[in-house]
Amino acid sequence: MAPTVIPVGDNATPIWGMSARERVRRIARTAGLTVADAPGDGPALLVDLAFAFDPLWLRHLAAHPGRAVSIGGRLALAHVSRDAAAVAEGMRAGSPLPAGLDIVAIEDGQGLYNEALRKRETPFLIPLDPAHVPAIERASYEGAYKGVTDLLTKYLWRELAFHLTRIAARLGLSPNSVTYVGAALCVAAFFLFLDGQFWLGTAAGFGFMVLDTVDGKLARCTLTSSKLGNALDHGTDLIHPPFWWWAWMEGCARVGLPLDPLWQTELLAVIVGGYVAQRLIEGWYLARYRIDMHTWRPFDSWFRLITARRNPNMVLLVAALVVGRPDIGIVAVAAWTLLSLAVHFVRMVQAEAAHRRSPLVSWLA
């Protein structure tokens, strides 16, 4: 039986534009749990509003009856099956830790695997007061960041996206509104590439790529993810890259560097075919092995940094622009797509061989 989430106490300090109670309500809703003002007869997941916590803790505790999390010797979160009212009262009063619970002290740094974000982490638990809000928002942002992603997202604009996410939250912007702006920049980049205005197109494209990070982080930090938002975000990500690469090829002719028509067709077939094939391999891993293909072994996570996806491909194209040869850039993208596809195919063969011996397990789990 799923526990009912019970906020204990009160706290007026806002986080990401939300009250503590509203944040707990949204975390519970995302986890598929109900919220009540007071314990009833069934199991309860007690949450002390004096603290802010990573949503991963709520999902973890919901699956582990009798487990609790403490900080500084004080109970902060607890999944209890009986005496919930008494435990809640002790939590409110800051009483000593009760007996009979499997207590995890936050100071022990216990790591949990976040399958959705492909990383193993120590979820945060921090006292919620005005002085700690910057640290809480930083921790929740970092907690919402994928552990396995491309090198630009992971290193180049991580800090910029954090500040843009904070600004968006302060302004009350929805993740979908950020997605719409990003989509407009994505379309603008397409037409600019098509017209041979590569530097302007690259600027629009990088703007879209940054906002593609911001909308997801805003949704996770403010707990406002939606099916529509996910469809818009992932749909745009999935569809636009082949159109960008075709527009880039067409744009080369506008700047006096036309590609032979047959050569262009072959390059486009390699890039698009390789892109689709890599996506199919990703789907095969999920269907066959129940893990993300980039999380099987450390090498797979490292290769995700540079594999032939949109962001690494843009690095190749910008490097070619710097030397004034956008045509060479698109050839480099085709070559890197073939090489990346070969690497993923070999890894898939190795994964199948390993799976026949025992189920595949992520190295991050």
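Visitor: What makes helix H8 count as mostly covered?

Guide: In this predicted model, 19 of the 25 residues of H8 are buried. Buried here means under 20% relative accessible area.

Visitor: How do you know what reach is expected of H8 from its first C-alpha to its last?

Guide: The expected span is 1.5 Å times one less than the number of residues. For the 25 residues of H8 that comes to 36 Å, and the helix reaches 35 Å, close to the expected value.

Visitor: What does H8 give to the largest nonpolar core?

Guide: H8, residues 198–222, gives the most to this core, with nine residues. The core has 72 residues, and Phe 53, Trp 57, Leu 58, Leu 125, Trp 244 and Ile 330 have the most contacts inside it. In soluble globular proteins, nonpolar side chains tend to be buried together.

Visitor: Which residues does Phe 53 touch?

Guide: Not counting residues up to four places away in sequence, Phe 53 touches Arg 23, Val 24, Ile 27, Val 47, Leu 58, Leu 77, Phe 124 and Leu 125. A touch of this kind is a contact because heavy atoms lie within 4.5 Å. Apart from the core that includes Phe 53 lies another core, of 13 residues, with Val 8, Val 80, Met 91 and Leu 101 among them.

Visitor: Why is Leu 223 called buried or exposed?

Guide: Leu 223 has a relative accessibility of 7% and therefore counts as buried, the limit being under 20%. The residue stands in the loop between H8 and H9, just after H8.

Visitor: What is noted about the phi of Leu 223?

Guide: The phi of Leu 223 is positive, about 55 degrees, although this residue is not a glycine. Trp 16 also has a positive phi, near 50 degrees, and is a residue other than glycine.

Visitor: Where does Trp 16 lie, and in which loop?

Guide: Trp 16 lies in the loop between strand E1, residues 4–8, and helix H1, residues 20–30. With a relative accessible area of 2%, Trp 16 is buried. Ile 15 is found in the loop between E1 and H1 as well.

Visitor: Why is Ile 15 called buried or exposed?

Guide: The relative accessible area of Ile 15 is 2%, so the residue is buried. Leaving out residues up to four places away in sequence, Ile 15 touches Arg 23, Ala 52, Leu 128, Ile 136 and Glu 137. Ile 15 and Thr 222 are 207 residues apart in sequence, with 8.5 Å between their C-alpha atoms.

Visitor: What class is Thr 236 given, buried, partly exposed or exposed, and why?

Guide: Thr 236 has a relative accessible area of 22% and is therefore partly exposed. That class runs between the limit for buried, under 20%, and the limit for exposed, over 50%. Thr 236 is found in helix H9. Neighbours within four places in sequence aside, Thr 236 is in contact with Cys 186, Phe 208, Ala 231 and Pro 241.

Visitor: How do you know how H4 and H6 pack?

Guide: Two packed helices are described by the angle between their axes and the distance between the axes. For H4, residues 133–143, and H6, residues 158–171, the angle is about 115 degrees and the axes are 11 Å apart. The crossing of H4 past H6 is right-handed.

Visitor: Which residues make the contact, and of which class are they?

Guide: H4 brings Glu 137, Arg 138, Tyr 141 and Glu 142, while the residues of H6 include Arg 158, Ala 161, Phe 162 and Thr 165. By class, the contact has three nonpolar, one polar and seven charged residues.

Visitor: Which residues of H12 are buried?

Guide: Arg 310, Asn 311, Pro 312, Asn 313, Met 314, Leu 317, Ala 320 and Leu 321 are buried. The buried residues of H12 pack against helices H5, H7, H8, H9 and H13. H12 has 13 residues and reaches 18 Å from its first C-alpha to its last, close to the expected 18 Å. Just after H12, Gly 324 takes a positive phi of about 75 degrees.

Visitor: What part of the protein chain is made up of buried residues?

Guide: Of the 365 residues in the protein chain, 49% are buried. The chain has 13 helices and nine strands, and its C-alpha trace spans about 80 × 55 × 30 Å along the principal axes.

Conventions
Residues numbered from 1 in each chain as written. Predicted model: local features only at pLDDT ≥ 70, side-chain atom pairs only at ≥ 80, totals over all residues. Heavy atoms only, no water. Axes fitted to C-alpha atoms, helices over the stretch in contact; angles between N-to-C directions. Helix = DSSP H or I, 4+ residues; strand = E, 2+ residues; numbered from the N terminus. Left-handed = near helix turned anticlockwise from the far one by under 90°. Nonpolar A, V, L, I, M, F, W, Y, C, P; charged D, E, K, R; others polar. Core = buried A, V, L, I, M, F, W, Y, C linked by side-chain atoms within 4.5 Å. Buried < 20%, exposed > 50% of the residue type's maximum accessible area, 1.4 Å probe, protein only.
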